[in-house]
Amino acid sequence: MNRRRRVAVLISGRGSNMVSLVEAADAPDYPADICLIIANRADAKGLDYAKSRGIPSFLIQHRDFSGREAFDGEIDRVLREFDIELVCLAGFMRLLTDGFVAAWAGRMINIHPSLLPSFRGLDTHKRALEQGVKLHGCTVHLVEPDVDSGPIIAQAAVEVRDDDDAESLALRVLGREHEIYPRALADLAAGRLRIDGRRVIGASSSL
Ligand code: GRF
């Protein structure tokens, strides 16, 4: 097998997607290794899990830096110190500077709780219900400077039920997030993906 790619996961909170990536990478034939967790909030629950698994973890808080460039610069420095090759954003709630995004272009992915390009931004489940969509879901995409944009690697759809509220819908979508994120990372890490304009070719089929 080819060498496993070294991956960092950036989180701000619960970290359930990070857990799904770490657990997937437990399989010996998984093409990536989760080598580093970075959180920007001290209360990010995911940090406890990282510690319990012995994965190096760092708390980098924006208020300790003079501005966004300096904050992103410190994240970049730690990523390089750990020889990180790929970055997964997993509920990371800070906007990254264009310079940082450019530096990691093609090597940084994000998971978003909607079927992009619908419902970029926050409160996706509430907005999906308000709009009355019948299908909702989640998307893994390459990160570009515009928020929740970038070529789509994988999506999974869930049916919206008549009795759904934002919470029940979020829970079902989250279950699918935990399926597609490890698959998308595996596709990227194994070098299976090719970009053709806005299209990503070669990903495992969406769910
Ligand atoms: C997920 O719904 C993810 O799609 C969004 O933020 C949430 C993070 O959840 N970007 P978790 O921290 O991975 O549990």
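Select Gly15 and the ligand in this predicted model. A backbone N or O atom of Gly15 sits 2.7 Å from an oxygen atom of the ligand. Now add Arg14. One of its polar side-chain atoms is 2.5 Å from a ligand oxygen. Add Ser16 as well. An N or O atom in the Ser16 side chain lies 2.5 Å from an oxygen atom of the ligand. How much of the ligand does the protein bury? Taken alone, the ligand exposes 370 Å², and the protein buries 84% of that.

**The rest of the shell**

Show a surface next. The ligand sits in the largest pocket. Two elements each give two or more residues to the shell around the ligand: α1, residues 16-24, and β5, residues 108-112. Colour both.

Then select the whole shell. Arg14, Gly15, Ser16 and Asn17 are in it, along with Gly91, Ile111, His112, Pro113 and Glu177. Colour this set by class. The shell has 5 polar residues, 2 nonpolar ones and 2 charged ones.

**Into the loop between β5 and α5**

Which peptide bond should you look for here? Select Leu116 and Pro117: the bond from Leu116 to Pro117 is cis, with omega near 10 degrees. Pro117 belongs to the loop between β5 and α5, the latter spanning residues 124-131. Is Pro117 buried or exposed? Its relative accessibility is 63%, so Pro117 counts as exposed, the cut-off being over 50%.

Keep Pro117 selected and add Val78. These two are 39 residues apart in sequence. Draw a line between their C-alpha atoms: the distance is 32 Å.

Move to Phe119. Phe119 is in the loop between β5 and α5. Check its backbone torsions. Phi is positive, about 55 degrees, although Phe119 is not a glycine. Turn on its side chain. Phe119 has 15% relative accessibility and therefore counts as buried, since the cut-off is under 20%.

Now pick Asp123. Asp123 also has its place in the loop between β5 and α5. Its phi is positive too, about 55 degrees, and Asp123 is not a glycine. What about its accessibility? Asp123 counts as exposed, at 54% relative accessibility.

**From Leu116 to two strands**

Go back to Leu116 and show its backbone oxygen. That oxygen lies 3.0 Å from a polar atom of the Gln155 side chain. Select Gln155. Its place is in strand β7, residues 152-159.

Which side chain joins that of Gln155 in a polar contact? Select Thr139: the side chains of Thr139 and Gln155 make a polar contact of 2.9 Å. Thr139 is found in strand β6, residues 135-142. At 0% relative accessibility, Thr139 counts as buried.

Before leaving Gln155, select Ile195 as well. Gln155 and Ile195 are 40 residues apart along the chain. Their C-alpha atoms are separated by 16 Å.

**Glu85 and its partners**

Centre the view on Glu85. Glu85 lies in the loop between α3, residues 68-81, and β4, residues 86-89. Is Glu85 buried or exposed? With 15% relative accessibility, Glu85 counts as buried.

Show the side chains of Glu85 and Arg5. They make a polar contact of 3.0 Å. Now show the backbone of Arg6. The Glu85 side chain reaches the backbone nitrogen of Arg6 at 2.7 Å. Keep Arg5 and Arg6 on screen together: the Glu85 side chain contacts the side chain of Arg5 and the backbone nitrogen of Arg6.

**Last stop: Ile60**

Select Ile60. Where is Ile60? Look in the loop between β3, residues 57-59, and α3. Ile60 is buried, with a relative accessible area of 4%.

Add Arg41 to the selection. Ile60 and Arg41 are 19 residues apart along the chain. Draw the line between their C-alpha atoms: the separation is 7.4 Å.

Key
Residues numbered from 1 in each chain as written. Predicted model: local features only at pLDDT ≥ 70, side-chain atom pairs only at ≥ 80, totals over all residues. Heavy atoms only, no water. Near = heavy atom within 4 Å. Polar contact = N/O pair within 3.5 Å; in protein donor to acceptor, adjacent residues only side chain to side chain. Areas by Shrake-Rupley, 256 points an atom, 1.4 Å probe, with all protein chains shown as cover. 1 Å grid on protein atoms, 1.4 Å probe; cavity = no way out; pocket = protein on both sides within 12 Å on 5 of 7 lines; lining within 4 Å. Sits in = over half its atoms within 2 Å of the grid points. Helix = DSSP H or I, 4+ residues; strand = E, 2+ residues; numbered from the N terminus. Nonpolar A, V, L, I, M, F, W, Y, C, P; charged D, E, K, R; others polar. Buried < 20%, exposed > 50% of the residue type's maximum accessible area, 1.4 Å probe, protein only.
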